[in-house]
Structures are given as C-alpha cells and as structure tokens.
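Got your viewer open? Let's take a walk through this one, stop by stop. Keep the selection tool handy.

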Amino acid sequence: MKLRRSMLFVPGSNTAMVCNAYVYKPDTVMFDLEDSVALAEKDSARLMVYHALKHFVYKDIETAVRVNPLDSPYGHLDLEAVVTAGVDIVRLPKTDSVEDVLAMQEAIEKIEKKTGRTKKTLLLAAIESAQGVVNAVDIARCTPRLMGIALGAEDYVRDLRTQRTRAGHELSAARSQILIAARAAKIQAFDSVFSDVRDKEGFIEEVKKIKNLGFDGKSLVNPNQIYLLHHIYAPSQEEIEWALEVVEAAEYAKRNGLGVVSIDGRMVDAPVVARAEFTLKLAKISGFMGEDDE
Amino acid sequence: MKVVNSAHAGTLESSDAYIQINPINEDIVEIELESSVEELYGEMIEELIRETLKQMEVSHVHVKIQDKGALDLVLKARLQAAVLRACQLSRNPDWSLL
C-alpha cells in the first residue's frame with residue numbers, strides 16, 4: 001500500500017504554491033479547486049491546476065485534486081480538466097452516500113473513455129457530515145477505485161452544531177467510524193486538517209493522537225507541517241530494532257522450512273512480519289536507514 | 001476561436017502574470033510584454049504566447065503581458081483563461097486545444 005502520511009492542500013488559485021508545492025516533498029500534493037478558490041477565479045484556477053498536473057515537476061509526485069461537487073456549476077468542468085491532465089486521485093467533497101461516489105465514478109469513466117486514458121483515476125471520499133459518517137462503511141466498500149476515505153472536520157462539526165476544539169472530543173466518533181470503515185474495506189484513512197498553523201504544539205498532539213488511532217495520514221494546510229508529521233510517523237529506534245529482528249527471524253524460518261518462529265517467546269507470523277516490513281520501509285523513507293542497513 | 005470581448009486573467013503578485021486580451025481588426029497577434037526577466041526570457045515568452053494562441057486558433061488580438069517571473073505553466077494558464085473569457089467560452093472549453 002502506498003505511503004500517504006502527508007497530503008498537502010494547495011489552493012488552485014495560489015500561483016506560487018501551485019508552482020512550488022512539490023519542493024516540500026509531501027507524499028501527495030492535493031490541489032484544491034473547491035473552498036479555497038473564489039467563484040470568480042474557478043476557471044483560472046482550473047487551468048492553473050490543469051497545466052501543473054501536466055508539468056514535468058509533478059511527474060514524480062502523487063497528485064490529487066479536490067474538485068467541486070458535481071451538482072455545482074463547476075464539478076464536471078473540474079473533473080474533465082483534471083482527469084484529462086492525468087491526475088492520480090480525485091477527492092470528492094461532501095460525500096454523504098454511496099450514490100455520491102458512484103456518480104463521480106461514472107463521470108470519471110466517461111472522461112477516461114473519451115480521452116483514451118488507460119490508467120484508472122483513483123477516488124478519495126471526504127466525509128464531512130453526520131450522514132456521511134453513518135454511511136462510512138458502505139461508502140468505503142462501494143468501489144475498488146476508492147483508495148481511501150478522509151474526514152473533513154470543518155463541515156462535519158458545523159453539521160453537528162458544534163465547533164472544533166484543541167482536544168478534539170467532538171471528532172472522536174467520526175474518527176473511529178471512518179477508521180474502522182476504511183480498515184474493514186482495506187483502504188486508507190486520512191484525518192482532517194489542523195488549521196491553526198501557529199499552534200505547533202497543538203498540531204503535534206493531534207498528529208500523535210491520529211497516528212495512535214491508526215490513521216494512514218492527514219491533510220495539511222501548510223508546508224511547515226510536513227516535516228513535523230513525517231517525524232512523528234517515523235518509527236523509533238526501538239521499533240526499527242524490533243522490525244529487523246522479526247524480518248531476520250522470518251527469513252530464518254523460510255530458509256529452514258518453518259511455518260512460524262518466536263522471538264522472546266512471542267510468535268512471529270505473517271501479519272507481524274508484514275508490520276515489521278512496513279516499519280523498515282517507513283524507516284528508510286524517513287531517512288533513518290540506508291539500503292544496506294538490513 | 002473568436003475573441004469577442006476584452007478580458008484579463010492573473011495577478012501582479014510574484015511568480016504570476018497579469019494578461020489582458022483585446023480584439024483588434026487586423027489578422028495578427030500583437031504582443032506587448034513587460035517583464036523583469038525580459039532581457040533573458042523575452043523571446044521565449046513571446047514564442048510561448050504565439051504558440052499557445054496558434055493552438056487555440058486565435059488571431060485578431062492584442063495581448064498585454066505583465067510578467068512577474070511566472071513559469072511557463074502559469075503564463076499558459078493565464079493566457080488561456082483570458083482568451084476563454086474573451087471568447088465567452090470559460091464554461092465550455094475544448095481541452096484538446098489547451
């Protein structure tokens with residue numbers, strides 16, 4: 001499964017950010033054509049993102065675009081532009097039901113067919129309402145195109161008739177539901193943005209919390225948040241040592257035709273080995289291990 | 001594509017460009033460029049503008065570009081946004097020409 005710890009939101013109307021976002025090396029650059037773009041600039045932002053997606057600087061980094069809803073005057077135009085330009089992932093805003101996902105999928109399929117695009121555009125559904133949270137399990141399972149579901153907290157708390165707090169208790173139920181739905185469907189789960197870019201401590205606390213819950217990553221609003229998030233998601237020295245030991249034990253078992261082995265009396269089976277291998281992959285990506293350290 | 005109105009797109013912020021399109025009677029493309037990097041990249045910018053307009057099948061226009069160090073993708077996006085607005089085609093662009 002692809003590593004997607006950091007998904008950096010980039011307003012499609014912010015020229016400097018559109019041109020430079022790749023430099024900060026988030027796992028995914030997520031251009032936005034929805035809420036961050038003024039109505040009068042929807043057309044120009046769409047063109048800016050269209051050309052950015054086709055530009056060589058975005059060839060080696062995963063790209064996503066948050067498009068406008070299909071029932072708005074901009075949704076279909078956004079979709080045609082970004083699918084034609086070859087975006088990797090389309091983020092559906094305000095996903096309340098399976099029908100929302102399937103309608104988006106149908107629209108994408110038509111464009112792929114028309115343009116002859118062979119690589120399938122993936123979908124990421126943003127759940128931003130109580131109804132969406134209630135339907136999260138069905139949404140997560142509705143199509144193989146869906147690579148993940150994400151919590152859109154700002155609209156969600158408005159729907160709940162409350163507001164976001166630093167402690168985040170108001171998001172507990174939604175986070176749990178979205179995470180469980182994603183895991184049941186074997187897709188990824190992403191947490192919402194932390195908007196107060198000045199509150200570094202609050203951001204760190206929130207990232208630690210969502211990492212411990214099991215989220216694959218988080219949407220970000222500022223490039224300064226990328227390093228902090230990657231640092232928190234990086235495995236500790238202790239975890240790396242454990243993973244090396246597990247992988248070594250698994251290789252020993254394989255060489256000697258053993259089904260399972262144990263380390264310190266604890267059984268090492270396939271899920272444990274998979275977790276250890278993921279830890280080592282993360283350690284390498286985080287710069288804590290070289291290719292020869294295994 | 002027929003330019004029927006005057007239109008503009010972009011901003012004067014750093015890394016951006018402000019592009020104005022005006023219809024003219026002659027079957028030519030008139031380019032007026034103001035750029036801090038004109039000496040180095042003026043010819044390349046003008047070539048990019050002409051090529052983009054040719055691809056969009058646009059003539060009979062005066063194009064004024066105020067460039068603030070925009071990348072090629074920005075110049076192209078701003079020019080096309082201005083042209084589509086001037087042609088009243090923003091709601092129905094032909095992506096094969098863009």
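Why does the radius of gyration of chain A agree with that of a compact globule? With 294 residues, a compact globule would come out near 19 Å, and chain A has 20 Å, so the two agree. That radius is taken over C-alpha atoms, and the globule rule is 2.2 Å times the number of residues to the power 0.38.

Before clicking further, a word on what you're looking at: this is a predicted model, where local features need pLDDT of at least 70, side-chain atom pairs count only at pLDDT 80 or more, and totals for chains, interfaces and linings use all residues. Residues are numbered from 1 along each chain as its sequence is written, while chains are lettered from A and ligands numbered from 1 in the order in which they are written.

**Stop 1: all of chain A**

Select chain A and turn it around. Its C-alpha atoms fill a box of roughly 65 × 45 × 35 Å along the principal axes. You'll find 12 helices and 10 strands in chain A; helices (H or I, at least four residues) and strands (E, at least two) are DSSP runs, numbered from the N terminus.

Now colour chain A by domain: domain 1 covers 6–233 and domain 2 covers 237–285, with bounds that come from an automatic or database domain assignment. The C-alpha centres of these two domains of chain A are 33 Å apart.

Of the 294 residues in chain A, 45% count as buried. Buried means that 20 or more other C-beta atoms lie within 10 Å of a residue's own; 12 or fewer makes it exposed, anything in between partly exposed, and the C-beta atoms are placed from the backbone.

**Stop 2: three strands side by side**

Pick residues 28–32 of chain A, which is strand β2: 5 of its 5 residues are buried. Show the side chains, and A:Thr28, A:Met30 and A:Asp32 point one way while A:Val29 and A:Phe31 point the other. In a regular strand the side chains alternate between the two faces of the sheet.

Add β1 (residues 6–11) of chain A, which runs parallel to β2(A) and is joined to it by 5 bridges. Strands count as paired if DSSP finds at least two bridges between them. Look for A:Phe9, opposite A:Met30.

Then add β3 (residues 62–66) of chain A, also parallel to β2(A) and joined to it by 5 bridges. Here A:Val29 stands opposite A:Thr63. Because 4 of its 5 residues are buried, β3(A) is largely enclosed by the rest of the structure.

Just before β1 of chain A sits a segment that holds A:Lys2. A:Lys2 counts as exposed because it has 12 C-beta neighbours inside 10 Å. Try a distance from A:Lys2 to A:Asp27: they are 25 residues apart in sequence and 9.2 Å apart in space, C-alpha to C-alpha.

**Stop 3: an unusual phi**

Jump to A:Arg161, in the loop between α7 (153–159) and α8 (172–185) of chain A. A:Arg161 has a positive phi of about 65° although it is not a glycine. Most residues other than glycine have a negative phi, and most peptide bonds are trans. A:Arg161 is exposed, with 7 other C-beta atoms within 10 Å.

**Stop 4: where the chains meet**

Show both chains. How many residues does each chain bring to the contact? Chain A gives 14 and chain B gives 16, with contact meaning C-beta atoms, placed from the backbone, within 7 Å. On the side of chain A, α1 (15–20), α2 (42–54) and α3 (75–85) each give two or more residues. The largest share, 7 residues, comes from α2(A).

**Stop 5: chain B**

Select chain B, whose elements run β-β-β-α-β-α from the N terminus on. Its C-alpha atoms fill a box of roughly 30 × 25 × 20 Å along the principal axes, and 36% of its 98 residues count as buried.

Zoom in on α1 (residues 38–55) of chain B, with 18 residues. B:Ile45, B:Thr52 and B:Leu53 are buried in α1(B). Their cover includes β3 (29–35), β4 (61–67) and α2 (72–86) of chain B. Just after α1(B), B:Glu57 takes a positive phi of about 60°.

Finish at B:Gln88, in the segment after α2 of chain B. B:Gln88 has a positive phi near 55° and is partly exposed, with 13 other C-beta atoms within 10 Å.

Methods. Expected span 1.5 Å × (residues − 1). Contact = placed C-beta atoms within 7 Å.
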